[in-house]
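User: I am new to reading protein structures and would like to learn how words such as "buried" are justified. Could you take me through some examples?
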Amino acid sequence: MLIYIARKALILLVTLAMASLAIFVTLEILPGDPALLILGIEAQDDTLAALRAQVGLDRPPTVRYLAWIGGLVSGTSGISHTYAVPVFELIGERLVVTIPLALMALVTSTLLAVPMGMLAAVRRGRWGDFGVMGFSQIGMAIPNFWFGIMAILVFAVVLGWFPAAGFPGWEAGFGVALWALVLPALSLALPEAAILARVARASVLETLGADYVRTAHAKGLTRQRVLWGHVLRNALIPMTTILGLQFAFLLAGSIVIESVFSLPGLGRLIFQAVSQRDLVVVRDVVMLLVAFVVVINFLVDIAYGVIDPRARRAG
Amino acid sequence: MNKLLLGTAVVVFLMITGLTVGSANAQSKNSLMIGVTLEPPHLDPTAGAAAAIDETVYANVFEGLTRIDQNGAIQPQLAESWTVSDDGLVYTFNLKRDVTFHDGTSFEASDVVFSFDRARAGDSVNAQKALFAAIETVEATDPMTVKVTLSRPEGSLLFNLGWGDAVIVAPESAATNKTSPVGTGPFKFSRWVKGDRVELVAVAPDAPIQKATFRFMSDPSAQVAALKAGDIDAATNLNAPEAVLAFQADRNFEVAIGTTEGETILSINNTRAPLDDVRVRRAIAHGIDRKAIIDGAMFGFGTPIGSHFAPHHPAYVDLTGTYPHDPAKARALLAEAGVTDLAVTLKLPPPAYARRSGEIVAAQLKEVGITVEIVPVEWAQWLEQVFRGDDFDLTIVSHTEPLDIGIYARDKYYFNYDSPAFKAVIKRLNATSDPAARNALLAVAQDIVAVDAVNGFMFQLARLGVWRKGLKGMWRNAPVQAIDITGVRWE
Amino acid sequence: MGRHPGFVLGLLLTGLLGLTALISLIWTPYAYDAISVAERMQGPSAAHWLGTDQFGRDIATRLMVGARNSISVGVVAVSIGLVAGGLLGLLAAARGGWVDELVARGSDVVFAFPAIVSAILITALLGPGAVNAIIAIGIFNIPVFARVTRGAALQVWGMEYARAGLAIGKSGLGVTRDHVLPNILSVLIVQATIQFAVAILAEAALAYLGLGTQPPAPSWGRMLFDAQTLMSIDPKLAILPGLAIALAVLGLNLLGDGLRDILDPRLRTEPVG
């Protein structure tokens, strides 16, 4: 087991190192001069040079790469070229929007998907199943940003129940802030729920056929108790795995939804930072997202290793 | 499992509470909430070109020796009065007394010297360093008097000193102005919620507006919804003209169609064959239909221009008839120039005015036999390829600097126009101070670039402001990049 | 066929998509970039079946050409993934060892980048445009196909007949060609159909962000982007392109599911995403 974990940890480190290199090289060859963007069309050459020196862009690439990695490891933040504040601070300010949004989407999609998946499994081949699977197909086909646009049209423009866009900030009141996240969270949750409902249906079907469920039935437990007690608990294991991975992708996948609703989240930050060539910000945000995915994958692998000894050999 | 249930219950409860708290949001009458499109990258107007910086802090937080008023005229600000020597080389400014910076330090001549020397220094990162190019020395002759000596006469010095890039900063706070600006204006910086808003509070306890908030809403439809919901009181420049339509019939709002200094032009690379042939450029001029562009891209908001000059300026001459829309004439000119199957690229920067008019221009030029390939670019690429790299055929951009026809006299400016006749006119202009004579020279200058069809002159950008009825003192026009709220009050 | 109503519906919708795109090659009601500002934002009429957009262009025409755009993006992006990923997967399965390890680690790295983030970086690098969007989506498809191919191929390699092939002196390439490839083809076809749908969604999202297909070429995602500030004035501008995307993706997903059921009964477990 220790060897297995060590191997997985090594893979984790190698993946992170390769990713950091890929990020750095990509940003290095990205066309566009950050100094020119900051100072605009009337800027003089000496002013541009002064600015580049000020933010350290005049140092050789290897020095900047090592300084970046050193900073990440020791926890010292770079300074954003445009905002002139530490990047970690900037990321922190955005995470207070993006993480609650992703969590809300995750909870909503789970609350929608689990009952639907169970219903479909129990009613396999009948109308309930048909309805759920139909919903799932439609949910997967509708682009989430279009759902968001339509939700704005209906619930904000026509009915006026929700703000059309923007985020008032948590200090505007918890309820007000949360309210502004409802439509975006729903837009994110819909396709997730559609996928998750299928996973839920499949895993419930699988557990329904398992020996211990038959035994439970044989013991005379009521159908409901078997379903909610045994089946759901076991079906939750594969679903939690999927949920973990979904969460990582919700963080990044919210870029489009954050654009639709003009939310000041992580996705907007990376989008704006790329167009402003604030590369110090871009590389840290991308690295954070990558690290998130990789670490979750690592944890999932470890969990599987614990549950299923065969996984340790398979690699 | 129980934890999961508990968590779910909490979230559901929160959603319900959110539902009940959601709508109530009344405006008290001494606060002001303004929706703006772009968030400033930082708040130091002396260290960046972004218009959003000036819009937030110019005149409100930071002040210069002079200021530009709503009509584009020069007014005294931190300089109470000034005298100019007969040769135009020495300016003596008498400073306003009893002015303090927001951190409590007093404003004196030494601050002016510091600010201007900082902007002119070798390691300066001032985006408009050229504004100070004529300055030889800046001296404090006494704590309330500053003497600025020039190396050559500069007719626009007093105007230049009214720019946001020339505001007066204190040595104690200059280094941290980007994140916590300290100026002498009637509002002081309170806080900045990144990605969402900047808050300013009044210095004077009896000011009509005690708290002013700039909220960043990149999406015009969000600004419209926020205005209607009362979340914001004003939007000073809706970058989607169609959004204005929603307010024109609404009695609760005032719609202000004002002017800007933005000449929106189809820039042509004048040295690239066959665009170096004036007949080809005239064909392009005949090929574009300004009315269709203004209607289609700007929903009718915008004034056609025939040269690189703002229609509201006293020296303006209407030259839109120089090359009227005439596809047949355009084709004839192309044939005369021996150009067949002309294919060009049109690089479009991100703003909606550029992308939209670009699509229409491409369709219009197709009508006269010019194939236009649209290449959308980010600002970073535009600056590098078009503005600095000379790598373009056509582009669309709005030139927002006030009175900037002088760019046509610059060597190696991005559209590569080179006319000795025009340069001579600008040289005479710089040496002329009589207003009538200056206007006459400006008229000649306008005519030369129009006749040479240097660029496709399309329209002057309109400033589309919408605010709640009862809000007085908002600027209708934008002679400088500013949202000056120092004279705003509720009635 | 009657036992697969989803498959039939998927076939119909996909067929409709393909047919629309084919027709648009030889005929559309108008030119897709014919601007007529005076006729902008009209409702449906005999002249313009689905009305006109903000520049007075015919929406039906733009949707038809948009279908063609979506299909070409899907075909090319999936082909990139299928060819490159398929070869890598086959190689990894055939050689094992460090080659396998290399392919797996490479896939890990690519997968670690959320697709939309790498697409933003790639378009910033190469400039926005349909081709670069295709490249971005295609690159993301490579590890998808590499993993699927490797998994399926390993299963075949585990079979008696594949080992027997090696025993009678066939090369790894020979076994791959004669036994592995024919047996995993159905898996690849199913995966390709699903990825096709994913690619259409991805292209729409990129175009919506302003990174995909560029005007005046019509793209459904781009049409949605342009519609956002106009939808309170004219909702159909936002509704129609979204419907087109949803129907196309629905059709492809149903087709993929149906194909899985028909081609490969062994795989008739419930599909995941």
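User: What makes Pro220(B), Ser221(B) and Ala222(B) in H5(B) count as buried?

Analyst: This is a predicted model, and within it a residue is called buried when its relative accessible area is under 20%. In H5(B) that description applies to Pro220(B), Ser221(B), Ala222(B), Gln223(B), Val224(B), Ala226(B) and Leu227(B), so each of them falls under the 20% limit.

User: Why is helix H5 of chain B called mostly covered?

Analyst: Helix H5 spans residues 220–229 of chain B, and seven of its 10 residues are buried, which is the ground for calling it mostly covered.

User: Which elements do the buried residues of H5(B) pack against?

Analyst: Their partners in chain B are strand S1 (31–36), strand S11 (234–235), helix H6 (242–245), strand S12 (253–268) and strand S17 (456–468). Here a contact requires heavy atoms within 4.5 Å. Just after the helix comes Gly230(B), whose phi is positive, near 80 degrees.

User: How do you know that chain B, taken as a whole, is as compact as a globular protein of its length?

Analyst: Chain B has 13 helices and 19 strands. Its radius of gyration is 25 Å, while the globule rule gives 23 Å for 491 residues; the two values are close, and therefore chain B is as compact as a globular protein of that length. Buried residues make up 56% of the 491 residues in the chain, and among contacts between residues at least 6 apart in sequence, 69% join residues at least 24 apart.

Definitions and conventions
Residues numbered from 1 in each chain as written. Chains lettered and ligands numbered in written order. Predicted model: local features only at pLDDT ≥ 70, side-chain atom pairs only at ≥ 80, totals over all residues. Heavy atoms only, no water. Helix = DSSP H or I, 4+ residues; strand = E, 2+ residues; numbered from the N terminus. Rg over C-alpha atoms; globule rule 2.2 N^0.38 Å. Buried < 20%, exposed > 50% of the residue type's maximum accessible area, 1.4 Å probe, protein only.
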